[in-house]
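Let's take a walk through this fold and the spaces inside it. Have the viewer open and ready to rotate.

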Amino acid sequence: MALDQSFVGRTYPPTAPYEVGREKIREFAEAVGDANPAYVDQEAAKTLGHPDVIAPPTFVFAITFKAAGQVIEDPQLGLDYSRVVHGDQKFAYTRPVRAGDRLSVTSTIEAIKSMAGNDILDIRGEVHDESGEHVVTAWTKLVSRAPEEA
C-alpha cells in the first residue's frame, strides 16, 4: 500500500540533545579507517582553527538516522520497516561536528514517491547545537520495497 502523500512536509519534534564525545569521534574515525589527526588530536584540530577535535563527515549519520526513527515508527505513516533499504545519504555542513557539541535533530518528510510499487521516502534532518546554531543538514532516502507477488 502506498504511503500517504499528506505526510509530505510533516515535521517531528526535535530530539533530546546528543553530547558528542572525543572517544566516540575517535572510535568512529578508527572504524571508518580515517587517520585524519584532527579527529583524534586536540592540538592538530586547534592548528586547523577548531576548538576541539572534529568528527568525520559521516559521523552525524548515527544521530540523524536515530532521529529519523520518529518518522519510521510513526504508526499513521504506515511504513513497513521490514521492507526498507537505505537508498541514499547526503550532508550539507555549516561547520564540522565538534567534541562537546550537544546536538538536536528535527526531522521533516520532504518527499514520498511511488515507483514500480516501491515507496521512496526522503527525510531531511536539521541538526543544531544547544545555542541553536545550524551545524549540518542530512538527507536520508529510504526505499520500501514492494511486496513480492505470490
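What follows goes from the sheet to the helix across it, and then to the cavity and the pocket.

Keep in mind as you look around that this is a predicted model. A good place to begin is the sheet. Five strands build it, and it is an open one with antiparallel pairing. Reading across, you pass β1, β3, β4, β5 and β2 in that order. That leaves β1 (18–19) and β2 (84–93) at the edges, each with a pairing partner on one side only.

Let's stay at the β2 edge for a moment. β2 runs antiparallel to β5, and nine bridges link the pair. If you'd like one to click on, try V84, whose bridge partner in β5 is S144.

Now bring α3 into view. This helix lies across β1, β2, β3 (102–115), β4 and β5. Its angle to β3 comes out at about 55°. Keep α3 highlighted, as we'll meet this helix again in both of the spaces below.

How many cavities of 30 Å³ or more does the structure hold? Just one. The space in this cavity is about 40 Å³. Around it you'll find T64, A68, S107, I123, R124, G125, A138 and T140. Three elements put at least two residues each into that lining: α3 (61–72), β4 (118–129) and β5 (134–144). Which of them has the largest share? That would be β4, with three residues. As for chemistry, the cavity lining splits into four polar residues, three nonpolar ones and one charged.

Next, turn to the largest pocket, which holds about 280 Å³ of space. Two elements contribute two or more residues to its lining, namely α1 (22–32) and α3. The biggest contributor is α3, which provides four residues. To trace the pocket yourself, select T15, A16, P17, Y18, K24, E27, F28, F59, A62, I63, K66 and A67. By type, eight of the lining residues are nonpolar, three are charged and one is polar.

So much for the separate stops; let's put them side by side. α3 lies across the five strands, supplies at least two residues to the cavity lining, and gives the most to the lining of the pocket. β4, for its part, sits between β3 and β5 in the sheet order and provides the largest share of the cavity lining. With α3 and β4 both coloured, you can find your way from the sheet to either space.

Technical notes: Residues are numbered from 1 along each chain as its sequence is written. This is a predicted model: local features need pLDDT of at least 70, side-chain atom pairs count only at pLDDT 80 or more; totals for chains, interfaces and linings use all residues. Side-chain values use heavy atoms; hydrogens and water are left out. On a 1 Å grid over the protein atoms alone, a cavity is a set of points where a 1.4 Å probe fits but cannot get out, and a pocket is an open set with protein on both sides within 12 Å along at least five of seven lines; lining residues have an atom within 4 Å of a point. Grid points are joined across faces, edges and corners, and a volume is the space filled by probe spheres set on the points. Ala, Val, Leu, Ile, Met, Phe, Trp, Tyr, Cys and Pro count as nonpolar, Asp, Glu, Lys and Arg as charged, and the others, Gly among them, as polar. Two strands pair if DSSP finds at least two bridges between them. Contact means heavy atoms within 4.5 Å. Axes are lines fitted to C-alpha atoms, for helices over the stretch in contact, and angles run from 0 to 180 degrees between N-to-C directions.
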